[in-house]
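Thanks for coming. I will keep this short and go through one model, starting with a word on terms.

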Amino acid sequence: MKIHEYQGKELFAKAGVPIPRGIVARTPEEAAAAVTTLGTPVTVVKSQIHAGGRGKGTFKEHPQQRGVVLVKSADEARENAARMLGSTLVTKQTGEEGKKVSTLFVEQGLKIAKELYLGIVIDRETGTPVIIASSEGGTEIEEVAEHTPEKIFREHYDPCLGLMPFQARKIAYALGLDANAVNSAQSFLPKVAKFFVDSDCSMAEINPLIVTEEGQMLALDAKVTFDENALFRHKDLLSYRDLNEEEPTEVQAQTAGLSYVKLDGNIGCLVNGAGLAMSTMDLIKIHGGEPANFLDVGGGANVEQVKEAFRIILADKNVKAVLVNIFGGIMKCDIIVEALLAAYDSVGFHVPLVVRLEGTNVEKARKMLAESGRNIISANDLTDAAKKVVGTLKK
Ligand code: ADP
Ligand code: MG
């Protein structure tokens with residue numbers, strides 16, 4: 001689960017990680033008032049979306065407007081906010097469709113002496129968190145990794161012990177910090193490391209992590225992602241979820257108990273079992289097609305779930321054909337066909353449907369399909385199914 005920058009900073013503050021002063025604004029008036037309240041010579045107005053690259057991103061409606069701007073007065077904040085709110089921000093990370101901005105974070109402008117990079121992720125090989133740090137902050141870390149990989153440092157730490165003082169110093173020296181900043185790092189880094197473990201993050205990225213002219217470290221940006229499998233023990237974090245930032249069909253699928261991931265292709269897939277779903281997508285690709293989604297209805301799907309699955313697949317305008325691939329193990333094939341036909345009638349199919357069934361009661365099920373009178377193409381095996389569904393697109 002991703003959260004917004006201002007929410008990440010709220011959590012940082014609770015964990016004792018220094019952040020600039022900031023105020024959330026949802027109208028141009030609120031943005032102007034925030035500038036007055038903060039009372040700093042320079043203020044920064046920042047678009048809140050679940051994607052980075054905002055500083056360089058621009059709005060579809062206002063190509064000159066950036067996603068993060070420095071302002072010097074309340075009026076200037078109001079004018080910028082009016083262009084930003086309700087508009088669509090396109091950055092390197094949003095894709096060309098962009099993301100609509102409905103919240104701004106107005107923050108005190110700080111004098112930056114140094115922009116560093118700090119990230120924490122889980123290293124699957126060692127099974128521990130790893131801190132990734134670089135003296136080249138502010139810019140995209142991918143660029144640093146590609147052109148100057150020697151400027152990226154990694155330090156693994158024990159999740160139970162936390163980041164040890166000598167490790168914090170090691171990172172600080174590697175970043176080339178002076179004495180004041182090393183002191184600040186010794187307090188800053190272990191706190192972020194502890195926050196990462198305590199909150200079951202899958203990623204925490206601070207880019208830039210800044211050092212002020214006084215040698216103080218502050219998190220100027222906060223990109224935090226939580227491991228969804230651990231959210232059950234962080235009920236307090238659930239309120240941070242912003243459904244507007246998530247793919248609506250994925251939210252709908254989650255509610256119905258389906259595993260669904262939207263993809264860019266045009267062949268919708270309805271499959272039971274994640275492994276079968278993966279191989280179905282592979283086969284579609286091998287035969288020259290592109291899957292529009294991953295969808296696993298699970299082992300014991302009922303009629304309602306199958307209907308919902310069809311609704312979700314067909315709501316995607318890119319879908320030009322659908323492939324149903326079911327292995328009737330726990331669920332018998334004839335029961336599945338019953339659900340399929342009921343769903344077919346209630347959802348209203350407008351694209352070709354190819355069905356491949358295998359397993360218990362498959363003969364009975366195929367007969368039901370053949371006699372159903374619906375426009376359904378039956379396939380004998382996986383390859384046949386993939387070929388047939390790709391074939392429907394060529395007609
Ligand atoms: P993004 O990573 O999405 O582009 P950031 O929060 O990193 O957004 O902001 C982009 C840039 O804006 C930063 O690299 C920094 O140079 C500047 N910036 C952001 N917040 C502040 C602030 N409070 N004071 C001064 N400069 C800031
Ligand atoms: Mg950033």
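Helices (H or I, at least four residues) and strands (E, at least two) are DSSP runs, numbered from the N terminus. By that count this protein has twelve helices and 19 strands. As an example, helix 3 covers residues 74–84, and Asn 80 lies in it.

Before going further, some housekeeping. This is a predicted model, in which local features need pLDDT of at least 70 and side-chain atom pairs count only at pLDDT 80 or more, while totals for chains, interfaces and linings use all residues. Residues are numbered from 1 along each chain as its sequence is written, chains are lettered from A and ligands numbered from 1 in the order in which they are written, and side-chain values use heavy atoms, with hydrogens and water left out.

Now the overall picture. The C-alpha trace spans about 80 × 50 × 40 Å along its principal axes. I will call a residue buried under 20% relative accessible area, exposed over 50%, and partly exposed in between, with a 1.4 Å probe and protein chains only. Of the 395 residues, 49% count as buried. Asn 80 is one of the buried residues, at a relative accessible area of 8%. Its C-alpha atom is separated by 20 Å from that of His 4, and the two residues are 76 apart along the chain.

Next, the ligands. Which residues come closest to ligand 1? They are Lys 46, Arg 54, Gly 55, Glu 107 and Glu 115, out of 17 residues that surround it. To be counted there, a residue needs a heavy atom within 4 Å of the molecule.

Some polar contacts can be named; the term means a pair of N or O atoms within 3.5 Å, and within protein one must be able to donate a hydrogen and the other to accept it, with residues adjacent in sequence counting only if both atoms are side-chain atoms. A backbone N or O atom of Gly 53 is 3.1 Å from an oxygen atom of ligand 1. For a polar backbone atom of Gly 55, the distance to an oxygen atom of ligand 1 is 2.8 Å. Asp 221 contributes a polar side-chain atom, 3.0 Å from an oxygen atom of the ligand. Taken alone, ligand 1 exposes 540 Å², and the protein buries 82% of that. Areas here come from the Shrake-Rupley method with a 1.4 Å probe, and for residues only the protein chains shown count as cover.

Asp 221 turns up again at ligand 2, the magnesium ion. Which protein atoms are its donors? They are Asn 207 (O) and Asp 221 (OD), at 2.1 to 2.2 Å. Asn 207 lies in strand 11 and Asp 221 in the loop between strand 12 and strand 13, so the pair ties together parts that are 14 residues apart in sequence. Donors are N, O and S atoms within 2.8 Å of the metal (3.2 Å for Na, K and Ca); water is not among the atoms, so sites may look incomplete. Both Asn 207 and Asp 221 are buried.

Asn 207 has one more feature: a cis peptide bond joins it to Pro 208, with omega about 10°. Pro 208 is also in strand 11.

On to charges. A salt bridge is a side-chain nitrogen of Lys or Arg within 4 Å of a carboxyl oxygen of Asp or Glu. How many salt bridges does the structure hold? There are 24. In one of them, Lys 46 pairs with Glu 107, with the closest N and O atoms 3.8 Å apart. That pair links distant parts of the chain, since Lys 46 is in strand 2 and Glu 107 in strand 7, 61 residues apart. Both are buried.

Arg 54 and Asp 221 meet in another salt bridge, at 3.1 Å from N to O. Here the two residues are 167 apart, Arg 54 being in the loop between strand 2 and strand 3. Arg 54 is buried, with a relative accessible area of 6%. These four residues, together with Glu 5 and Lys 9, are linked in a network of salt bridges.

For contrast, a pair with more accessible residues: Glu 290 and Lys 285 form a salt bridge at 3.0 Å between the closest N and O atoms. Glu 290 is partly exposed at 40%, and Lys 285 is partly exposed at 46%.Last, the backbone. Asp 200, which is not a glycine, has a positive phi of about 55°. Asp 200 sits in the loop between helix 6 and strand 11.
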